[in-house]
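Visitor: Please give me a close look at one helix of this model, and then set it in the context of the parts that surround it. I would value a connected account with the reasoning made explicit.

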Amino acid sequence: MELKTKAYFCHMANNEDLFKNIIAHAKEYGFVFQSSELYDGLSAVYDYGQNGAELKRNIREYWWKSMVQFNDNIVGIDSAIFMHPTVWKASGHVDAFNDPLIDNKDSKKRYRADVLVEDHIAKIEGKINKEVEKAAKRFGDAFDEKQFRETNPRVLENLAKIEDIRNRFFPALEAGDLEAVRQVIIDLEIVCPVSGSRNWTDVRQFNLMFSTNMGSLSEDSSVIYLRPETAQGIFVNYLNVQKTGRMKIPFGIAQVGKAFRNEIVARQFIFRMREFEQMEMQYFVRPGTEMQWYEHWKETRMKWHLSLGIPASKYRFHDHDKLAHYANAAADIEFDFSFGFKELEGIHSRTDFDLNRHQEFSGRKIQYFDPELNESYVPYVVETSIGLDRMFLAILSSSYKEEKLEDGSERVVMNLPAMLAPCKAAILPLMAKDGLPEKAREIMDFLKSDYMCQYEEKDSIGKRYRRHDAIGTPYCITVDHQTLEDNTVTIRDRDTMKQDRVNIDRLESIIREKLRS
Ligand code: ATP
């Protein structure tokens, strides 16, 4: 039985509609729900449904395997969300983990001042790119993009504008000169996207950490924070892990866990949440070698992303020109979400800042004795930090496809990398009678100890195929009357929709092969 179903992409909706469709799809098929939806939801907090939880778990495991299992000098920990309040003093979060916020008096909408300015810069960059595209079309093969960017007067003028904005804005922000920060927004004539007005309030600093009290009595209770990043749990355990694991530099400590930030602007679905999950790794190195490790991890992390089969054009590096006070190099891996290229992962060379600060605030010596150099030092750190939820969104949005088939029908399919798919195989008896369900259950029992499988007997086989296309199940296995005679089933491939008749004994190896590829 082979269906002629070569698919071609139908006109995908424009980016904004596409993003809305993805969000609706995520809800309809049990990937992501608004938290507390029953009570009209809680802003920027989300729950993962039955398929989302599996997809998220698979991404987490893939990261853990590549970082911890495949590297014998990287170990994983699981530190608590609550930490001693002094940790956040030492790390600088109590004093400096702020975002500059500004309100529009007409729309009453709140914005991050830096995001307003970054968006303005992105618009100017957009103009430059349009200019380059136009010229590329005009000149054809003879086009020298580098030369064009370096000499075209309009490009140069726009580049100078960007440079000028950056030179004014970031030093003002860093110096905490909020009046000057506001003035940049006024001078650039930035308008509120909702009201269209330039009626702005003053800029204020807003600390992003959530706090709560620990202890039952008011006199002995103390304010503690919900961690805004998982990294500090690694730093404060550096000595424990290094000693008990007898780790030799260079070595890494990895961790996956929840982090909490009271984000000012929490839009764009699970891109920016108030409760989210991070996958972080701190790599401890000999001072002076950090740049080499920084380059190594930039390259390694990009390879990890590309190993998932998502086109390279969806990713780019963004090197930071303005560095945090503790960093001597930093880059983001940006992903082309349907709302533009945005940070997905950060790779930072954090020097010895964090360990030094913990040394200072705890009064304990945090050093490594390097037997090769015969000296002790505070190790330098190169960190890789990726948001699990952002990775989930990247995977979800790059896998979501609206297709029109040759026979005129349409389908939504999620071309998820097979190893990440929530369900690896659907076991479907053609009819719910004649002993087909029993046979299908037998296959299910055989496969389920190794793979997440789903058994379904409701609805027509076509509808069941569509449902599994929509959640990204790589294989549908159909049990029919012939199965009872010769022990064969049809196995349908999600992407090609091609069906093959195979012996039941081959199913396990077919699935295993697919997950490896
Ligand atoms: P952004 O500039 O987008 O606020 P950031 O630079 O503050 O992010 P980091 O502190 O470097 O982010 O955190 C590391 C990673 O954690 C980010 O690359 C991102 O994937 C993820 N992350 C940070 N904040 C959030 C959030 N509010 N919701 C979901 N993921 C987040």
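**A buried helix and its setting**

Guide: In helix 13 the buried residues are Leu388, Asp389, Arg390, Met391, Phe392, Leu393, Ala394, Ile395, Leu396, Ser397, Ser398 and Ser399. The model is a predicted one, and what follows describes it as such. Burial here means a relative accessible area under 20%. Since twelve of the twelve residues of helix 13 meet that criterion, the helix is largely enclosed by the rest of the structure. The length of the helix can be checked in a similar way. Helix 13 covers residues 388–399, and at 1.5 Å a residue its twelve residues should span 16 Å. Its end C-alpha atoms are 16 Å apart, so the expected and computed spans agree.

The chain to which this helix belongs has 517 residues, of which 50% count as buried. It contains 17 helices and 24 strands, and its C-alpha trace spans about 80 × 65 × 55 Å along the principal axes.

From the helix we may turn to the ligand. There are 16 residues around the ligand, and those that come nearest are Glu263, Arg272, Met273, Glu343 and Leu344. Several polar atoms can be placed individually. An oxygen atom of the ligand lies 2.9 Å from a polar side-chain atom of Arg261. Phe271 contributes a polar backbone atom, which is 3.4 Å from a nitrogen atom of the ligand. Gly387 has a backbone N or O atom 2.9 Å from an oxygen atom of the ligand. On its own the ligand has 590 Å² of accessible area, and the protein covers 84% of it. Strand 11 (275–285), strand 14 (340–351) and strand 17 (380–387) are the elements that give two or more residues to the shell around the ligand. Strand 14 supplies the largest share, five residues. By residue class, the shell divides into seven charged, five polar and four nonpolar residues.

The aromatic rings offer a further view of the fold. In all, 23 aromatic pairs are counted. Tyr62 and Trp304 make up one such pair, with 5.4 Å from centre to centre and 25 degrees between the planes. As planes under 30 degrees apart count as stacked, this pair is assigned to that class. Tyr62 belongs to helix 2 (residues 50–69) and Trp304 to helix 11 (residues 290–306), so that the pair links parts of the chain 242 residues apart. Tyr62 and Trp304 are both buried. Phe271 and Phe337 form a pair with the edge-to-face arrangement, at 5.3 Å centre to centre and 75 degrees between the planes. Because Phe271 lies in the loop between strand 10 (251–260) and strand 11, while Phe337 lies in strand 13 (residues 329–337), this pair ties together parts that are 66 residues apart in sequence. Phe271 and Phe337 are likewise buried. These two phenylalanines also belong to a cluster linked by ring pairs, which comprises Phe19, Tyr46, Phe269, Phe271, Tyr315, Phe335, Phe337 and Phe339. Phe271 is thus a point where two themes meet: its backbone makes the 3.4 Å approach to the ligand, and its ring takes part in the cluster.

A few details of the backbone deserve attention. Ile249 and Pro250 are joined by a cis peptide bond, with omega about 5 degrees. Pro250 is situated in the loop between helix 10 (238–244) and strand 10. A positive phi, near 60 degrees, occurs at Asp434, which is not a glycine. Asp434 sits in the loop between strand 20 (425–429) and helix 14 (436–447). Its relative accessibility is 44%, and therefore Asp434 counts as partly exposed. Asn487, also a residue other than glycine, has a positive phi near 60 degrees. The loop between helix 16 (481–486) and strand 23 (488–493) holds Asn487, which is partly exposed because its relative accessible area is 26%.

One last residue concerns helix 15. Tyr465 is placed in that helix, which runs over residues 461–471. With a relative accessibility of 8%, Tyr465 counts as buried. Its C-alpha atom is 8.8 Å from that of Ala426, although the two residues are 39 residues apart along the chain.

How values were computed. Residues numbered from 1 in each chain as written. Predicted model: local features only at pLDDT ≥ 70, side-chain atom pairs only at ≥ 80, totals over all residues. Heavy atoms only, no water. Helix = DSSP H or I, 4+ residues; strand = E, 2+ residues; numbered from the N terminus. Expected span 1.5 Å × (residues − 1). Buried < 20%, exposed > 50% of the residue type's maximum accessible area, 1.4 Å probe, protein only. Near = heavy atom within 4 Å. Polar contact = N/O pair within 3.5 Å; in protein donor to acceptor, adjacent residues only side chain to side chain. Areas by Shrake-Rupley, 256 points an atom, 1.4 Å probe, with all protein chains shown as cover. Nonpolar A, V, L, I, M, F, W, Y, C, P; charged D, E, K, R; others polar. Phe/Tyr/Trp six-rings, centres within 6.5 Å; stacked < 30°, edge-to-face > 60°.
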